[in-house]
Amino acid sequence: MELSKRQETILEIVKKEGPITGEQIAERLSLTRATLRPDMAILTMSGMLEARPRVGYFYSGKKPGQELAKKLHQIKINEVKSVPVVVPEQCTVYDAVVTMFIEDVGTMFVVREGGWLEGVLSRKDLLKNTLGGQDIHKLPVGVIMTRMPNIIYVEPDTSVWEAARRLIAHEVDALPVVRLVKTKEGQTDLEVVGRFSKTNVTRLFVELGEGGY
Ligand code: ADP
C-alpha cells in the first residue's frame with residue numbers, strides 16, 4: 001500500500017508523540033480535523049494506527065501487509081470451499097465430459113462408494129483422451145485419472161493461504177477438501193467433503209478488496 005506524503009508525516013508524528021489526539025495531530029500540521037479524517041481512516045483501517053477512545057492514536061508497529069497475512073492464515077477452507085463434483089471410477093470419459101459441462105467445473109473427483117477419494121480428473125486429462133482416438137464411450141475414467149496416493153488435498157481446517165500455496169507449488173487448478181478417517185485396518189481413507197479451486201481464491205481476493213472478511 002502506497003502512503004501519501006501527509007500520511008507518512010502523520011505516522012511519524014504518532015510514532016514520536018503517541019498517544020496523541022486527532023486534534024493535536026491537526027494542530028501540528030496546521031490543518032483542520034475534517035481535512036485529516038480520510039487519512040486517519042486509511043491509517044487505522046490498514047492497522048498501522050490504533051485509535052483508543054478518549055486517549056488518542058497509537059502506532060501499532062504493524063505493516064499493512066501483516067494484517068492481510070494474518071487474515072489469510074485465519075480464514076479456513078471450510079468457510080470458502082465449494083461443493084465437490086464427483087464421478088465413479090467406472091464412469092466413461094464421454095459421460096465425464098458431459099458431467100463437466102453440466103456442472104460447470106474444471107476439475108472433478110473420482111470416488112468409490114461412500115464418497116472415498118480415488119482420483120482427480122482435470123480438463124486436460126479428458127481433452128487428451130478425447131483426442132487420443134480411443135473409444136471414449138467405453139474408456140473408464142479410472143484408467144486416465146491421477147490416482148491416490150499422488151493427490152494433493154486439503155482438510156477443512158487448512159488455511160486458505162496454505163491451500164493457495166499448494167495450488168501454486170503443485171501447478172494444479174483445484175484441490176479436493178477431505179476428512180481423514182482411520183479404517184479398521186489401520187489405514188487412512190479420504191472422505192471428499194468439498195472442492196477448493198483457483199476460482200475460490202479469486203472470489204476471496206475480490207471480497208477482501210471490498211473490505212469483506
Ligand atoms: P489442466 O489439466 O486443466 O491443466 P490441472 O493443472 O489441474 O488442470 O491438472 C494437471 C494434471 O494434474 C492433470 O493430469 C490432473 O489429473 C492432475 N491434478 C489436478 N489436480 C490435482 C490434485 N489436486 N492432486 C494431484 N494431481 C492433480
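**Exercise 1. Describe how helices H6 and H7 pack, and name the residues that bring them together.**

Solution, step by step. In this predicted model, helix H6 (residues 93-103) and H7 have axes 10 Å apart and pack at an angle of about 135°. Now classify that angle: 65 to 115 degrees would count as roughly perpendicular and over 145 as roughly antiparallel, and H6 and H7 are therefore oblique to each other. For the handedness, H6 passes H7 in a left-handed crossing. Next, find the contacts: on the H6 side they are Val93, Ala96, Val97 and Met100, which meet Arg123, Leu126 and Thr130 in H7. Sorted by class, this contact has five nonpolar residues, one polar and one charged.

**Exercise 2. Helix H7 also takes part in a pocket lining; work out what the second largest pocket is made of.**

Solution, step by step. Start with the volume, which is about 350 Å³ for the second largest pocket. Its lining has 15 residues, and Val120, Ser122, Glu171, Val172 and Asp173 are the closest to the centre. Then look for elements that give two or more residues to this lining: they are strand S5 (116-122) and helix H7 (123-131). H7 gives the most, with three residues. Finally, sort the lining by class, and you will find five nonpolar, five polar and five charged residues.

**Exercise 3. Compare the angle of H1 against H3 with that of H1 against H2, and decide how each pair is oriented.**

Solution, step by step. A handy reminder before you begin: two packed helices are described by the angle between their axes and the distance between the axes.

Take H1 and H3 to begin with.
- Their axes cross at roughly 70° and come within 10 Å.
- Angles of 65 to 115 degrees count as roughly perpendicular, and H1 and H3 are therefore roughly perpendicular to each other.
- H1 contributes Arg6, Gln7, Ile10 and Leu11, which meet Thr35, Leu36, Asp39, Met40, Ile42 and Leu43 in H3.
- By class, the contact of H1 with H3 splits into six nonpolar, two polar and two charged residues.

Now turn to H1 and H2.
- The two axes come within 11 Å, with a crossing of roughly 120°.
- That angle makes H1 oblique to H2.
- H1 passes H2 in a right-handed crossing.
- From H1, the contact uses Arg6, Thr9, Ile10, Ile13, Val14 and Glu17; from H2, it uses Ile25, Arg28 and Leu29.
- The classes here are five nonpolar, one polar and three charged.

As a last step, put the two contact lists side by side: Arg6 and Ile10 of H1 appear in the contact with H3 and also in the contact with H2.

**Exercise 4. Inspect the backbone: which residues are joined by cis peptide bonds, and which residue other than glycine has a positive phi near 55°?**

Solution, step by step. Begin with Gly18 and Pro19, which are joined by a cis peptide bond with omega of about 0°. To place Pro19, look in the loop between helix H1 (5-17) and helix H2 (22-29). Move on to Met148 and Pro149, where a cis peptide bond has omega of about 10°. Pro149 belongs to the loop between strand S6 (146-147) and helix H8 (160-169). For the phi angle, the residue to pick is Ser30, with a positive value near 55°. Ser30 sits in the loop between H2 and helix H3 (33-45).

Key: Residues numbered from 1 in each chain as written. Predicted model: local features only at pLDDT ≥ 70, side-chain atom pairs only at ≥ 80, totals over all residues. Heavy atoms only, no water. 1 Å grid on protein atoms, 1.4 Å probe; cavity = no way out; pocket = protein on both sides within 12 Å on 5 of 7 lines; lining within 4 Å. Points joined across faces, edges and corners; volume = space filled by probe spheres on them. Helix = DSSP H or I, 4+ residues; strand = E, 2+ residues; numbered from the N terminus. Nonpolar A, V, L, I, M, F, W, Y, C, P; charged D, E, K, R; others polar. Axes fitted to C-alpha atoms, helices over the stretch in contact; angles between N-to-C directions. Left-handed = near helix turned anticlockwise from the far one by under 90°. Contact = heavy atoms within 4.5 Å. Parallel < 35°, antiparallel > 145°, perpendicular 65-115°, else oblique.
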